[in-house]
Amino acid sequence: MTSEVEAIHRPTAGQLVADSIRRKIVLSEFRDGDNLPNEGQLLEQYGVSRPVLREAIRILQSESLLTIRRGSKGGARINAPRPQPVARAAGGLLQYQHTTVFDVFRARSIIEPPAVRILAANRSAATLRQLREALDREAAALDHPRQWGHAHANFHTLLVELSGSNTLALFANIMSDITTAHTAAVLAHATDDNQVRSDAELSHRVHRKLVELVERSDGAEAEKLWRNHLEETTEKMLDTQGSREVLDLFD
C-alpha cells in the first residue's frame, strides 16, 4: 500500500512531461524563440492525454520558459532560461521573510569584491568596452536621479556578470531590483539636490577608479577598493535605514 508521503512526492504525468521539455530547452534541443511542436505532435510523442499536456504547458509557463501566443499564428514559444524570473521569485521570498535592506546590502558587499578580482584577472577588450559604456551612461545620468539610480544599479550587476561566474551573477541579479528600489526610495525623499548630486559624483569617481584598476589587471587593489566602497555604503545605509524591510520598498 502506497504511503501518504510517497503519494505527495510522486510527480504527476504533467510534471514528468514538463521535466522532459525543460531538459530539451536547457540542452538547446528547443532553442530560444523557437515554436514548441504543436499539440498533436506532443501528444503523439509523449503518449499522454490533452489535460496532462496542458498541465505541463502551464508548469513551463509559470517558469517563464514558454510564452503562449493567441490567434492564427499562435502557439507556444520557447524562452531560454533567464535570471529575471528567479530574481523575482527570490525577491518575493526575501519580502516574505521580512529581510532588511541592510541584510541585502551586506550580502552584496560579500559577493561583489571577489567577483571584481576575478574580472580584473580575466578582463578582455570586450569587457572593458562594456564597463566604459556603463560609465558613460552613469555620467549622462548624474543630473537625472531616476536614471542615475538605474545606471548605478546596472553597473554593480554588470561587474559581477562580466566576472564570468554564472552563480555570482545570479545572486547579483536577485539583489539588483532591491538595490534599485532602495536607491529610488532614497532619492524620492531627498531634500537636498546638491547633496544628491555630490553623492552621485562620489560614487561615479569610485566606479571610474575601479575600471582603471581592472584595466591594469590589478585584482588585489580592485577588490580592496570595492570592498571598502561597499562597506562604507552599507554602514551609511545602516545608520539611516538599517531596520527597513525589503517589503517596504515595494508598497
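Let's start on the surface of this predicted model, with D199, a residue that is partly exposed at a relative accessible area of 29%. D199 has a salt-bridge partner in K236, and the closest N and O atoms of the two sit 3.6 Å apart. What makes the pair worth a look is where its ends are: D199 belongs to helix α10 and K236 to helix α11, so to speak two distant parts of the chain, 37 residues apart, are linked here.

Stay on α10 for a moment and find R197. Its side chain meets that of D143 in another salt bridge, 2.1 Å from N to O. R197 is in helix α10 while D143 is in the loop between α7 and α8, so this pair ties together parts that lie 54 residues apart in sequence. How accessible are the two ends? R197 is partly exposed, with a relative accessible area of 27%, whereas D143 reaches 57% and counts as exposed.

Now move to helix α2, residues 13-26, for a pair of a more local kind. D19 and R22 are three residues apart in this helix, which means about one helical turn separates them. Their side chains form a salt bridge at 2.7 Å, N to O. Both are partly exposed: D19 has a relative accessible area of 37% and R22 one of 23%. There's a third player too, since salt bridges with shared partners join D19, R22 and E63 into one network. Across the whole model, the count comes to 14 salt bridges.

With the charged pairs covered, turn to the nonpolar interior. The largest nonpolar core has 19 residues, and the ones touching the most other members are L131, F155, L159, L210 and W226. Which helices supply at least two residues each? They are α6 (101-122), α7 (125-140), α8 (145-162), α10 (193-215) and α11 (219-241). Helix α10 gives the largest share, five residues. So the helix that carries D199 and R197 also feeds this core.

W226 is a good residue to zoom in on. Leaving aside residues up to four places away in sequence, W226 touches E112, P113, V116, F155, H156, L159, V206, H207 and L210. F155, L159 and L210 appear in that list, and they are also among the core residues that touch the most other members.

Finally, look away from this core and you'll find another one lying apart from it, made of 18 residues that include I21, A56, I59 and I78.

Note on methods: Residues numbered from 1 in each chain as written. Predicted model: local features only at pLDDT ≥ 70, side-chain atom pairs only at ≥ 80, totals over all residues. Heavy atoms only, no water. Core = buried A, V, L, I, M, F, W, Y, C linked by side-chain atoms within 4.5 Å. Buried < 20%, exposed > 50% of the residue type's maximum accessible area, 1.4 Å probe, protein only. Helix = DSSP H or I, 4+ residues; strand = E, 2+ residues; numbered from the N terminus. Contact = heavy atoms within 4.5 Å. Salt bridge = Lys/Arg side-chain N within 4 Å of Asp/Glu carboxyl O.
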